[in-house]
Amino acid sequence: GRRTALGMSSSLWHDHGVLPWLSASPATTLRRHLLQGDDADAADDAAPVVGDEDDEDDDDCPRKVGWGLTVMWIIVVLYMFLGIAIVCDELFVPALEIIADKWELSDDVSGATLMAAGGSAPELATALISTFRPSTGQLGFGTIVGSAVFNVLFVIGMCALFTPTELAPLELTWWPLARDCTYYIITLGAMAIWLTVTSPGKIVAWEAFVQFLLYFGYVGLMSQNEKLEQR
């Protein structure tokens, strides 16, 4: 009889909203949150920390962009290539021919000085930016070396592939290749000595001045190109 009375009273309290009010009272709610907070803190202390390194890596990684922006940049780069080709064909090469005629320069000397300076201007800008911004690392040096490989392999190959039929096949001699490769090996050997022997890991002022003089040595070699080739 006592259990029945307690059950009836409990159901009456629940029907009249007394028990829900008690369970939702501020004191009961606060006590429940405190208990849950203690349990959550204990669970956090017991659980291993996972993902901190991943979060740091995500912060270091640049924001990923969609393929639409990538395709747009590819189109822009191709358009710039077309613009450079038009400017070089219509303005750059004719201007160099006029300057070479005015200064009475041979084709070899004008190519080693004026043409090389105009074609390597982007590399010079990249090297200067990487010099004054150490965060870019080896960007300038890699650009120079990569450009030399690009010119020797890609440019020469494309010129041979797209040679007009009336001019094909191209007649090449061994002298230009042997001359340029030999001098290039000398300059790279000097660079290797600077970086490994005299001042490991860096280039000092006098080493840079020697490299600068080596370029004028190449220009002098090109001025005597015809005489050296005949020998």
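Here is a short back-and-forth about some labels used for this predicted model.

Me: Why is Thr-113 called buried?

Reply: Buried means under 20% relative accessible area. Thr-113 comes in at 18%, so it counts as buried. This residue lies in helix α6. Setting aside neighbours within four places in sequence, Thr-113 touches Tyr-215 and Val-219.

Me: What makes Gly-217 partly exposed?

Reply: The partly exposed class sits between the cut-offs of 20% and 50%. Gly-217 has a relative accessible area of 32%, so it is partly exposed. You'll find Gly-217 in helix α10, residues 205-223. Gly-217 is 34 residues from Tyr-183 in sequence, with 9.5 Å from C-alpha to C-alpha.

Me: And Glu-104, how do you know whether to call it buried or exposed?

Reply: Exposed means over 50%. Glu-104 has 72% relative accessibility, so it counts as exposed. Glu-104 belongs to the loop between α5 and α6.

Me: What is there to notice about the phi of Glu-104?

Reply: The phi of Glu-104 is positive, about 55 degrees, although Glu-104 is not a glycine. Most residues other than glycine have a negative phi.

Me: Why is α6 called oblique to α7?

Reply: Two packed helices are described by the angle between their axes and the distance between the axes. For α6 and α7 (residues 121-132), the angle is about 55 degrees and the axes are 4 Å apart. Roughly parallel needs an angle under 35 degrees, and roughly perpendicular runs from 65 to 115. The α6 and α7 angle fits neither of those ranges, nor the one over 145, so α6 is oblique to α7.

Me: Which residues make that contact?

Reply: On the α6 side they are Ala-117, Gly-118 and Gly-119, and α7 brings Ala-121, Pro-122 and Glu-123. By class, the contact has three nonpolar, two polar and one charged residues. Gly counts as polar here.

Me: What lines the second largest pocket?

Reply: The lining is Val-93, Leu-96, Glu-97, Ala-100, Asp-101, Asp-107, Ser-110, Gly-111 and Met-115. The elements giving two or more residues to that lining are α5 (67-103) and α6 (107-119). The largest share, five residues, comes from α5. About 220 Å³ of space lies in this pocket.

Me: How does that lining divide by class?

Reply: The second largest pocket is lined by four nonpolar, two polar and three charged residues. Asp and Glu count as charged, and Glu-97, Asp-101 and Asp-107 are among the lining residues.

Key: Residues numbered from 1 in each chain as written. Predicted model: local features only at pLDDT ≥ 70, side-chain atom pairs only at ≥ 80, totals over all residues. Heavy atoms only, no water. 1 Å grid on protein atoms, 1.4 Å probe; cavity = no way out; pocket = protein on both sides within 12 Å on 5 of 7 lines; lining within 4 Å. Points joined across faces, edges and corners; volume = space filled by probe spheres on them. Buried < 20%, exposed > 50% of the residue type's maximum accessible area, 1.4 Å probe, protein only. Contact = heavy atoms within 4.5 Å. Axes fitted to C-alpha atoms, helices over the stretch in contact; angles between N-to-C directions.
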